[in-house]
Amino acid sequence: MASGLAGQMLAILAALALAPILSGWVAQCRAWLQSRSAPPLWQPWLVLHKLFLREVVLAQGASPLFSAVPFLVFACMVTACAIIPTLSTDLPLSVVADAVALVGVLALARVLLSLAAMDIGTAFGSLGARRDMLVGFLAEPALLMVLFTAALGAHSTALASMVDVLAHRELAILPSLAFAGVAFTMVSVAENGRIPVDNPTTHLELTMIHEALILEYSGPHLALIEWAASLKLFAYSCIGIALFFPWGLAANDSPLALLFALPILVAKLALGGAVLAVAESVSAKMRIFRVPEYLAIAFVLAVIGVLVHILLGS
Amino acid sequence: MEPSTGDSRPMQGGAPTHDRTSASPPALLIRQAFPSARPMGGELATYHLTATQAQWSMAAAAISSDAGNRPESPSRLIALWGASDADGRPLASAVYGLADGLLWVDLPLDPQSRQYPDLSRAFFFAGRMQRAIFDLGGLRAIGADDVRPWLVHARDADARSPATDYPFVRVSGAGVHEIAVGPVHAGIIEPGHFRFSVSGEKVLRLEARLGYKHKGIDARYTQLDPILAGRLAGRVSGDSTVAHAWAYCMALESAAGIELPPRAAWLRALMLERERVANHLGDLGALANDAGLAFGLAHFSRLRELWLRESDALYAHRLMMDQVIPGGVLVDLDASMVPRIGQACRSMAEEVQRLRAIYDEHPGLQDRFRGTGTISTALARQLGMTGLAGRASGLGRDLRHDHPGQPWSALSVHLCLSSQGDVAARVAIRFDELLESLRLIEAIASRLPPGTHHRALRLPQGHHCGAGAVEGWRGEVLVGLEIEVKGDRSRIVRCHSHDPSWQNWPALEHAIIGNIVPDFPLINKSFNLSYAGHDL
């Protein structure tokens, strides 16, 4: 149990530190692709720093739930990052929660945020909550199907053992994983509120999904939610990397293995972030009622992945 | 009966002639009813007359039925406002657009009852103007349905009506709820309140509440010297400063009966087109951004910035404020700048065409643009839409094209028209007009007539009225002006600046019906109406 403790701690610390940087990197790439001069890589950290220094302004009639949600959501995202094999597959915490629990933890954060948004009683909060639920109830089954595709190969739903199996097979494109990969990319875009599903940089209150949910938050509360949002992007990126590009993970807790795993992870994240920025820059945001179609396609692809695995055994 | 487009139109310069047989039906009718009506001097033929209540209603009925009966009819109400004449008696004024010019009808009112016949049944958008007239001067339209306050929000100070919550029209039914947006928005934009009645994401009704930028422009005019007031006109709506300032100067020049030096008119046209280009560039970028394609915003912002810097180099002001002055323009264009302007226009046109190809071929963008916020030609005519949004809905009216005074007659302005009426059409019209304006700028710069760019304006003794109308980038901007000159003292008796946003704000509320809530910002941006110009 204690064997992987250092790796586990390092994974959590890396997630906390790198998640805002990943968001900053995507923003930077987007700016470059639009021929703009980019904000610094650590801009999200500067924003977090600014927000933590500010006072909290609570809306009239806010219940204790509203104040508690930022901490709960943040905790959910840290948990998610802790059970995903980011640096090594030797994670003590991974026995606590498997892939299904991971989806549950992410869903819990979503429900909490939606409840908090409705707690205030503004039109935008309920609008955002409604839209977020629309995205969520379609995205979660697709995400589960993607994880099941990988789980079928490993005969386990524990993330660490899934990734262990995937990392030690020979380099080949498995048809089932190819379908799952496409589905997972589509789900990640929707879940993280990126273009074409949602626009994280919009100032138009009527078009927002995630931003509408958190419109009433301020100061440290907002900082925690922003941090949690970047942790979510980090978590999804790491799931993607772990499932579809697992090579380079440390199999044990030796300092040398972890030392090698970290730069490999950073390189993969940088590549993934750049790809996300390209995809976002060339797309326009779709109409909200196209989102169900979009997520239905993701679900069908994920199901095809499962079926292909059962039929072809690969 | 199609109005002839031959030489029978009374036009600028010299004594206008009118051939009664070829005038449009309402113009003919009105001229028979008002044999004394004579066009005022100035760029645009304007018939100015004082009416009785019966004549006031008759003119409105004739023009609205002509507009309703003939799809191609140019007859329309342009502006409606209330004022006081030189002796302080209340007046209601309406300006109509006809095939052969403008018709300005003044209706003197009884100072006690302060009432005038309602026009909102004949012209849909007149309702809000009438509410504004009541707010600003206490003149009431007899028989108007909607008498809620409009521009002035807190009227408890003068006790005309208690300050109560604004009674929005309620939509009831299962699952219907309201979304209130503004006047403070999440972005840095002008203030306005929008009340959506929605069922899920579908908008059943939108009602706007404006007036947050009301500052009393019409009243302020009367405290200013007629020459200096041009500066105020240029600040009615900052993005249309050239159009508003030109309309004011045109009205003042028409009142003073002077003819503008040709070079001055050409230089004003140059600035008006520059203004159109700058605004269209900004809107095209913002439209893509509102659809989530930030790439478009980045590039159009870059082009707009280059364009504004070029304006700054030419006029020492990025928006060309205070460049149009009574009697001409402030600075002449140096001949050495002409090649530079031509070069800038050509390279701009090239870049815009490249970006247009990207917009046109982007499936995601086109999916958002097409079929969104559609207004059919029939509805547009019913709503009395004007300008760019009107042309996108098939209403082919453009003052530069319909009443080509100088310099437009020498440039043969191409009328950009679409009948689709959706956001995509308003985008396409912007692209078309942008390229047309670039062509016009190059043509104007290279064919500038010689002569003076400014002639000192001497105001003649007595009372004089004048009107000016200019096709700004949003649509027709109109100024109606009365001045009084006694000895060496001159004053503005009444003056009204009309922005085309008055016509198109109600159209926006119709465009959103049946669309979904998240498409509103896109539809709103495709109209991009002025709050300041409307709230006065």
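1. In this predicted model, chain B contains an open sheet built from three strands, which follow one another in the order β8-β9-β10 and pair in an antiparallel manner. The edges of this sheet are formed by β8 (176-181) and β10 (202-209) of chain B, since each of these strands pairs on one side only. When direction is ignored, neighbouring strands of the sheet are turned by 20° against each other on average.

2. Within the sheet, it is worth following strand β9 of chain B, residues 193-199, which is joined to β10(B) by seven bridges, the two strands running antiparallel. As a place to look when tracing this part of the structure, B:Ser197 stands opposite B:Arg205, a residue of β10(B).

3. The largest nonpolar core has 265 residues, and the members that touch the most other members are A:Ala142, A:Ala183 and B:Ala247. The element that gives the most to this core is helix α9 of chain A (residues 219-244), which supplies 17 residues.

4. One of those core residues, B:Ala247, can be examined through its partners in chain B: once its neighbours within four places in sequence are left aside, B:Ala247 is in contact with B:Gly468, B:Ala469 and B:Val470, and also with B:Val477, B:Leu478 and B:Val479.

5. Turning to the place where the two chains meet, the contact draws 21 residues from chain A and 24 residues from chain B. On the side of chain A that touches chain B, the residues divide into ten that are nonpolar, seven that are polar and four that are charged.

Key
Residues numbered from 1 in each chain as written. Chains lettered and ligands numbered in written order. Predicted model: local features only at pLDDT ≥ 70, side-chain atom pairs only at ≥ 80, totals over all residues. Contact = placed C-beta atoms within 7 Å. Nonpolar A, V, L, I, M, F, W, Y, C, P; charged D, E, K, R; others polar. Pairing = 2+ DSSP bridges. Helix = DSSP H or I, 4+ residues; strand = E, 2+ residues; numbered from the N terminus. Axes fitted to C-alpha atoms, helices over the stretch in contact; angles between N-to-C directions. Core = buried A, V, L, I, M, F, W, Y, C linked by C-beta atoms within 7 Å. Buried ≥ 20, exposed ≤ 12 C-beta atoms within 10 Å, placed from the backbone.
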